[in-house]
Amino acid sequence: MFYYRGDKIQVGDRVKLGDSEEGIVKKIIYPDTAEALDFSCPSGGILIEMNTHAHFLIKPYGYDWEDLDLDNVNNKNDRF
């Protein structure tokens with residue numbers, strides 16, 4: 001899976017969702033898998049844990065996907 005701007009998404013990426021706080025990619029859910037069905041996202045998605053410990057499931061290519069980007073404050077190679 002790839003960010004809207006083309007970078008490959010990886011577990012541990014520090015991300016920002018629009019103007020919100022930072023978060024970390026915790027899981028990549030691949031399309032057409034049992035896990036995708038478990039999460040009710042047959043097209044796949046990514047699970048993000050925000051600094052507030054809230055979790056968001058972002059499905060590909062929806063309006064949230066366009067707002068999702070690697071955190072510009074951190075080096076994109078600085079992954080957990």
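Biologist: What relative accessible area does Gln10 have?
Modeller: This is a predicted model: local features need pLDDT of at least 70, side-chain atom pairs count only at pLDDT 80 or more, and totals for chains, interfaces and linings use all residues. Numbering runs from 1 along each chain as its sequence is written, and side-chain values use heavy atoms, leaving out hydrogens and water. Gln10 sits in the segment before strand E1 (strands are DSSP runs of E, at least two residues; helices are runs of H or I, at least four; both are numbered from the N terminus). Gln10 is partly exposed (buried is under 20% relative accessible area, exposed over 50%, partly exposed in between, with a 1.4 Å probe and protein chains only), and its value is 34%.

Biologist: Which residue has a side-chain polar atom 3.0 Å from the backbone nitrogen of Gln10?
Modeller: The contact partner lies in the segment before E1, residues 14–17. It is a buried residue, with a relative accessible area of 1%. A polar atom of its side chain is 3.0 Å from the Gln10 nitrogen; the residue is Asp13.

Biologist: How far apart in space are Gln10 and Val25, C-alpha to C-alpha?
Modeller: In sequence, 15 residues separate Gln10 and Val25. Val25 is a member of the largest nonpolar core. The C-alpha to C-alpha distance between Gln10 and Val25 is 7.1 Å.

Biologist: Which strand gives the most to the largest nonpolar core?
Modeller: A nonpolar core is a set of buried Ala, Val, Leu, Ile, Met, Phe, Trp, Tyr and Cys residues joined through side-chain atoms within 4.5 Å. The largest one has 11 residues, including Met1, Tyr3, Val15, Ile28 and Ile58. E1, strand E2 (22–29) and E3 each supply at least two. The top contribution is 3 residues, from E3.

Biologist: How many of the residues of E3 are buried?
Modeller: In soluble globular proteins, nonpolar side chains tend to be buried together. E3 spans residues 45–50. The strand is mostly covered, and the buried count out of its 6 residues is 5.

Biologist: In E3, which residue is the bridge partner of Gly23?
Modeller: E2 and E3 run antiparallel and pair over 6 bridges (pairing requires at least two DSSP bridges between two strands). Gly23 finds its partner in E3. That partner is Met50.

Biologist: How far is Ser20 from Met50 in space, C-alpha to C-alpha?
Modeller: Ser20 lies in the loop between E1 and E2. Ser20 is partly exposed, at 29% relative accessible area. Ser20 and Met50 are 30 residues apart in sequence, and their C-alpha atoms are separated by 9.2 Å.

Biologist: Which residue in the turn between E3 and E4 has a positive phi?
Modeller: E3 joins the antiparallel strand E4 (residues 55–58) by 4 bridges. Across this pair, Leu47 faces Leu57. The two strands form a hairpin with 4 residues between them. The turn residue with a phi of about 75° is His53.

Biologist: What pattern does the chain follow along the sequence?
Modeller: The chain has 2 helices and 5 strands. Of its 80 residues, 35% are buried. Read along the sequence, the order is β-β-α-β-β-α-β.

Definitions and conventions: A polar contact is a pair of N or O atoms within 3.5 Å; within protein, one must be able to donate a hydrogen and the other to accept it, and residues adjacent in sequence count only if both atoms are side-chain atoms.
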